[in-house]
Structures are given as structure tokens and as C-alpha cells.
Amino acid sequence: MARRGYGSGRLIVRRDKAGRESWYGSWWAGGRRVKRKLGPKRPQGRRDGLTRSQAEAELRRQMEEAVVVASRSGIGLQEAGTRYITHLETALERKPTTIQDYRIILRRHLVPFFATRPIAKIGADDVAAYLLVKRREGLASNTVRNQLNFLHGIFAFGIKRGWVSTNPVAQVDRPRSERRPERRIQFLTATELDELIRAVPDDQLGAIERPLYLMAAMSGLRQGELLALRWSDIDWVAGRIRVADSVTRGSLGSPKSRRSIRAVPMADRLARELERHFQRSAFQGDDDLVFCHQLGTVLDPSKLRKRFTRALQRAGVRRIRFHDLRHTFGTQMAAAGAPLRAIQEWMGHADYSTTSVYAHYAPDPTHGAAFAERAFGSGDAVAEPETAEGGDPASSASRG
């Protein structure tokens, strides 16, 4: 039998439990395999059912019908994208920040490029042209890739709704994810952390920033998790801090790790500092924020980062990001011998490979440095091999 042409679909014969055979059609549409029942197969010597040629004709009819239905749908990209975002927000309950990002992509990038063209008339060449334009505009590979992933989702959603029959994004090679060059992580030593705490100004915000910086470095919480922390999350008896919420772009949501809750051990020094902060605070209710504005509202992350930078300058220590206080926790815990799996749990890393960077700061259980010293010593000259009296190195080595 001759090989079927690409895109012409495929005929399949299936038999049910009663032994009756039926024709099924299968074809690819937008990266998805579509399967439809075409009708019963005609038994030999009978007139009911479909012959192979009739099944072929029915397969072509259904494939063409799917294209016609989609082409008659005049829905544009803006409407399709808006409906898709609504579906993600209401049915799939995606995070508000994700929904916000998608709305920005739709409004600033996709709609201006594709205009009012119906999505059924957008082809792979159009998507490839979009990719080229965005790269020429200087957008990073990961940014363009994220935009095309969102566009792919719109078309996949459109296929389910019958607006289109194919997904042109699936036919375009998307940019590969950029590999960020490996860099040394930044963190503060215990001495530098003390210098930073002493450099915090004695003003109203400084009274909040001292325990905030100390907790960031001694708990490994992200900035958004710190700003969302409530007094009910501090377990004074067990000496633990529960992480249940995070503030992102002013909105309260779940932490980045998407875990419902995680617990972090609390050192005595941190507990004492938090106790003093609690006694000074005007907001001591269980649902009140631990670190908050004078009105009890969330602190401004941008202002917090600027004041942190100035405190580093006054302390005369290396300049790091606020996020690097989190690395201070990871490196210090690893250096103290804490298991990396435990550090992964405390820091809320979804992937162990993220935590493995701290392995370089952990004690070496094999005492490799001692073995290296024993193997190579500290001498500058290479020792001559010992030989038997009157013999040569080679003969000595052969006997050894």
C-alpha cells in the first residue's frame, strides 16, 4: 500500500467487544492528534457500512469541515486572549501576578502586532515574523519564549472551542532558554551581618529594619514572605517560623514554592530580637503583620531595598542584594553541617539542584584537604624515587 501523504490523515479499524468493526480517522491539528469515528466498516459480502474508499472520503470531509468551521469564526486575537485569560483566572485559578503578566503580554505585544486579524487566519509564517520582530526590538530570548508560550496557550484554547483547527505556534521553533552564566553567590559573613545591624539608623523604620534584616539572614525567607509574615506565624514555644503567605506586587498570595506551608527553625538570637520588636510594636494581634508600616500596612519593597543599600554603605561591607541575605542563611546553615535536604525544605526550593550550590560551603565529610596534603605534601620539589642499592628506578619499580 502506498505511503499516505503528510497531512492527509490516517484510517484505523477498531473492533468492539461484540466483534463489530468500525472506521476511525486520525489526523494532527495544531500539535494535537484528533480522533473521530467515521462509521461502521462494511463486512465482506454485505452492503451496509463503509468501504475503504468511502471511509477515505468521510475522513477528508471531516478534516475539511473542521477547517471551515474554524475559518468562519471571526474571533480576533484580543478577544480570544481575553477569554483565555479569564479561563486561567477563574477555572484554573492561576496566581494574580501570572494573570497580570499575561494581560500585559496581550495588550503590549500580541494585539499591536496581529491587530484585528481573526486568529483562524494567523499562520506559522505570521508567528515566525512576530518572533523576528521581537528579537530585533532587543527582547531577551526568555521573554520572547514566554510570549510565544502564552500565544500557544491561546491557540490550544481556541482549538478546544472550535475557533481554529490548528496551532501555528506549534510549527515554529521557539528560542531556547538562555543559560545564565554560573556566578558565585553573594552573602554576608557573621561579622558583616553584625556590622550591617549596627549601621541601621535609629529612626522609626530602623527599629523595624533591624529585626527584619536579622530574620532575612537567619531564616532564609524571601522578601515577599517576610513582608507577609504575621505574629501567628511565629511559634515561640517550638522555635519555628511558619511560612504560609507572600506579598508580590502588593498582592497577598502563596509563596513561590507553591507549598501550602513550610516551617523554618528560629535561633535564640532571632527569637530575642523578635520579642523586643513585638514589645515595641503597636500591632500585636495574631493577624497583624510582623514587619509593617506605621499604619499596619505592608512595607514598600522599593523603599526597603534603597534603605538596605544605604545601610550596607554605612556599614562598609560588600554590596549585596536584599535577596542575598537569603544566601547568608543557606551558606551558614551548610557550614554548620545541616543536611542539604533539610536546607532545601527550610528555604522552600522546589528543585534540589537549587540547594546544591550550598554544598561548597558545607564541611567535607571525606576530609579531602587532609588526604590531598597527605598525598602531595607541602614541598616544592618533586622527590626522587627511591632505588635499591646499585639498581635503577625502573628495576626498583618492577619489583615493587
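Glu-58 and Arg-61 sit 3 residues apart in helix H1 (residues 52–72), which is about one turn of the helix. Their side chains form a salt bridge, with the closest N and O atoms 2.7 Å apart. That pair is a handy way into this structure, which is a predicted model. In total, the count comes to 20 salt bridges, and a few of them are picked out below, along with some helices, loops and a charged patch.

**Salt bridges**

- Back to the opening pair: an α-helix has 3.6 residues a turn, so residues three or four places apart point the same way.
- Glu-58 has a relative accessibility of 18%, so it counts as buried, the cut-off being under 20%.
- Its partner Arg-61 comes out at 41% relative accessibility and counts as partly exposed.
- Arg-103 and Glu-89 make another salt bridge, and here the closest N and O atoms are 3.0 Å apart.
- This second pair links distant parts of the chain, with Arg-103 in helix H3 and Glu-89 in helix H2, 14 residues apart.
- Arg-103 is partly exposed, at a relative accessible area of 39%, and Glu-89 is partly exposed too, at 36% relative accessibility.
- Asp-324 and Arg-321 also meet through their side chains in a salt bridge, at 2.8 Å from N to O.
- Asp-324 has just 2% relative accessibility and counts as buried, whereas Arg-321, at 41%, counts as partly exposed.
- Arg-15, Glu-21 and Lys-41 go beyond a simple pair: they are linked in a network of salt bridges.

**A positive patch on the surface**

- Arg-10, Arg-14, Arg-33 and Lys-35 gather on the surface as a patch of positive charge.
- Two elements give two or more residues each to this positive patch: strand E1 (10–15) and strand E3 (32–40).
- Lys-35 is part of strand E3, and at 51% relative accessibility it counts as exposed, because the cut-off for that is over 50%.

**Two helices to look at**

- Helix H11 covers residues 324–335, and its 12 residues should span 16 Å at 1.5 Å a residue. The C-alpha atoms at its ends are indeed 16 Å apart, which agrees.
- Of the 12 residues of H11, 9 are buried, so the helix is largely enclosed by the rest of the structure.
- The buried residues in H11 are Asp-324, Leu-325, Arg-326, His-327, Thr-328, Phe-329, Gly-330, Thr-331 and Ala-334. Asp-324 is the residue that pairs with Arg-321 in a salt bridge.
- Helix H5 (residues 141–161) has 21 residues. From its first C-alpha to its last, H5 reaches 30 Å, close to the 30 Å expected at 1.5 Å a residue.
- Right after H5 comes Gly-162, which has a positive phi, near 80°.

**Positive phi outside glycine**

- Glu-93 is not a glycine, yet its phi is positive, near 55°.
- You can find Glu-93 in the loop between helix H2 (77–90) and helix H3 (96–114). With a relative accessible area of 66%, Glu-93 is exposed.
- Ala-115 also has a positive phi, about 55°, although it is not a glycine.
- Ala-115 belongs to the loop between H3 and helix H4 (124–136). At 42% relative accessibility, Ala-115 counts as partly exposed.

**Separations along the chain and in space**

- Gly-296 lies in the loop between helix H9 (268–280) and helix H10 (301–315), and it is partly exposed, with a relative accessible area of 24%.
- Gly-296 and Ala-282 are 14 residues apart in sequence, and their C-alpha atoms are 8.3 Å apart in space.
- Ala-129 is found in helix H4 and is partly exposed, with a relative accessible area of 32%.
- Ala-129 and Phe-113 are 16 residues apart along the chain, with 9.7 Å separating their C-alpha atoms.

Terms used:
Residues are numbered from 1 along each chain as its sequence is written. This is a predicted model: local features need pLDDT of at least 70, side-chain atom pairs count only at pLDDT 80 or more; totals for chains, interfaces and linings use all residues. Side-chain values use heavy atoms; hydrogens and water are left out. Patches are made of residues with over 30% relative accessible area and no salt bridge: like charges are joined within 9 Å, nonpolar side chains (Val, Leu, Ile, Met, Phe, Trp, Tyr) within 5 Å. Accessible areas come from the Shrake-Rupley method with a 1.4 Å probe; for residues, only the protein chains shown count as cover. A salt bridge is a side-chain nitrogen of Lys or Arg within 4 Å of a carboxyl oxygen of Asp or Glu. Lys and Arg count as positive and Asp and Glu as negative; His and the chain ends are not counted. The place of a charge is taken as NZ of Lys, CZ of Arg, CG of Asp or CD of Glu. Helices (H or I, at least four residues) and strands (E, at least two) are DSSP runs, numbered from the N terminus. Buried means under 20% relative accessible area, exposed over 50%, partly exposed in between (1.4 Å probe, protein chains only). The expected span of a helix is 1.5 Å times one less than its number of residues.
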